[in-house]
Amino acid sequence: MRDYYNIKINLPGGIASPGYLKDILSIAWDANVRNVRFGSRQQMLMTVHYEDMRFLERSFKEMGVNYETNTDRNPNIVSSYCGEDVFRTGQWLVANEYHSVLDSIDFDPLLKINISDSNQSFTPFFTGNLNFISSPEPHFWYLYVRFRQSNVIFKWKNMIYTNEIGKVAKTVETCMLSGECNDEESLFRAVKRQIRYVSQPATQELELPSFTLPYYEGFNRYESRTWLGLYRRDEKFPIELLLDICALCLKTRIGEICTTPWKSLVIKGIIDQYRAEWSGILGKHNINVRHAANELAWQTEDHNQDGAILKNKLLRYFEKNDTRTFGLCFGIQTRNKSEVFGSILVKKRPLIKIGQLALFSLYDIYYTENFNPNSRNQLLFEKGLFKIHVAVQLERLCRRFNNQRSKETFGTLAIEPDELKTIPKYTKLVHQCPDCLTVYDPEFGDISKNISVGTLFDELPETYCCSTCDTPKSELQAIEINKLIALNTAA
């Protein structure tokens, strides 16, 4: 018999009313649960001892709470509503529009559904099977479909009207799960045969913003009010804290509490006269806010401590070495079929297994194309690392990202014709390290590696590596010397 059960409660769109949340938390408290967590799909998670399960189940059934035990048959609907207003986009998509979409989904989806504002970068766009993304045309949405167990995404031929999203989602899901639609064309034809819906041709291409994770913790001002973001380093939210939050929300007529894909909470609409009471709650429960920005940019799997432990170890290394991670987000995957969101992904894989028990594991590091976390194309950076080497290689990859951004920035700087006259017109090639920008030039060789002057790059041994950071020879990049001089001159 299991000692504990994992309970999941979906909060569609990451939205919960304080009254509903208070009732759930009160039942959990009576069942001796003292902490809850929030998952990467904005759901509520709790762990319940087997002796208390019957009391919890009975109370949940009496209250009509839908929940799952040790399964994820019905994934939660993810939405970017948690960032609406506080990370304002200025587009037509507002609170009422989100609620219209969520109200139209009157069934329990078996596929993952994402509802996203195309102008934000706080929540993921393509981690769902059905990804509805706002278009420039008011009240119409793009649909991007991803079949199960696939990384291939295709755009639906039509943009879909807000009030039709539930009907379309249900029909698309039914057709996909039937097993009869195996490609884009057959799925589109099957849906068109079954339903009519208000739509427009999806002739424009979707333009996504560049990724920047907004700082989502602490008290922050927007318009005439304040919002509060709460993050917990161990991902555990004390029920006593949440009950006090629900009570203050009800007292001050705040109608919604939002969960985020970063396993945090956002409370909007705090008015000035109650600001002191909100600060009092944080003090009462000894809740710290304003953690470092790089600590907030991580995703780990639900119901898994391995990822959280590794995350904290890597963060300590980054802090010690003052590693720059701005513009990046990180995901840690320790289970084969789980999914995490990130521009850099650390994946654990067992090397030696006995049954389901991994006796020894290695780690692989991937990064997404252009370091865009919404890309489904993952590129291998390092493979087969011991845990002790992961932090060093992650720092190296961060340097590569920062150097790439620097090149892109300097590459856009205009160089006047008069300045170009002073740049020698060399055409010879040198090789540059993508991580630390060290250059190997045959004219000088490499004294530190006992490489004599005049040794061509192709004549270097295959074991040669960068003299500064040990990047392998195979990763050094050829560049014309005149372009290198031009970049340095512009910089």
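Guide: Rings of Phe, Tyr and Trp (its six-membered ring) pair if their centres lie within 6.5 Å; planes under 30 degrees apart count as stacked, over 60 as edge-to-face and the rest as tilted. The model is predicted: local features need pLDDT of at least 70, side-chain atom pairs count only at pLDDT 80 or more, and totals for chains, interfaces and linings use all residues. Numbering runs from 1 along each chain as its sequence is written, and side-chain values use heavy atoms, with hydrogens and water left out.

Visitor: Which residues share an aromatic cluster with W227?

Guide: The structure has 24 aromatic pairs to pick from. W227 sits in one cluster, and its partners there are F87, F122, Y216, W262 and F341.

Visitor: How are the rings of F147 and F154 arranged?

Guide: Both F147 and F154 are buried (under 20% relative accessible area with a 1.4 Å probe, protein chains only; exposed is over 50%, partly exposed in between). Their centres are 6.0 Å apart. With 40 degrees between the planes, the pair is tilted.

Visitor: Why does V86 count as buried?

Guide: V86 is in the loop between strand β6 (78–79) and helix α3 (95–104), with helices (H or I, at least four residues) and strands (E, at least two) being DSSP runs numbered from the N terminus. Beyond four places in sequence, V86 contacts (heavy atoms within 4.5 Å) Y222, W227 and K268. V86 counts as buried because its relative accessibility is 12%.

Visitor: And what distance separates the C-alpha atoms of V86 and K407?

Guide: Along the chain, V86 and K407 are 321 residues apart. In space, their C-alpha atoms are separated by 32 Å.

Visitor: Which element gives the largest share of the largest nonpolar core?

Guide: That core (buried Ala, Val, Leu, Ile, Met, Phe, Trp, Tyr and Cys joined through side-chain atoms within 4.5 Å) has 52 residues, and L130, F132, W156 and L187 touch the most other members. At least two residues each come from α3, β7 (113–116), β8 (130–134), β9 (140–146), α4 (165–177) and α5 (184–194). The largest share, six residues, is from α4.

Visitor: Is K8 buried or exposed?

Guide: K8 belongs to strand β1 (residues 4–9). Its contacts beyond four places in sequence include Q43, M44, Y67, E68 and D72. A polar atom of the K8 side chain is also 2.6 Å from the backbone oxygen of N74. At a relative accessible area of 4%, K8 is buried.

Notes
Polar contact = N/O pair within 3.5 Å; in protein donor to acceptor, adjacent residues only side chain to side chain.
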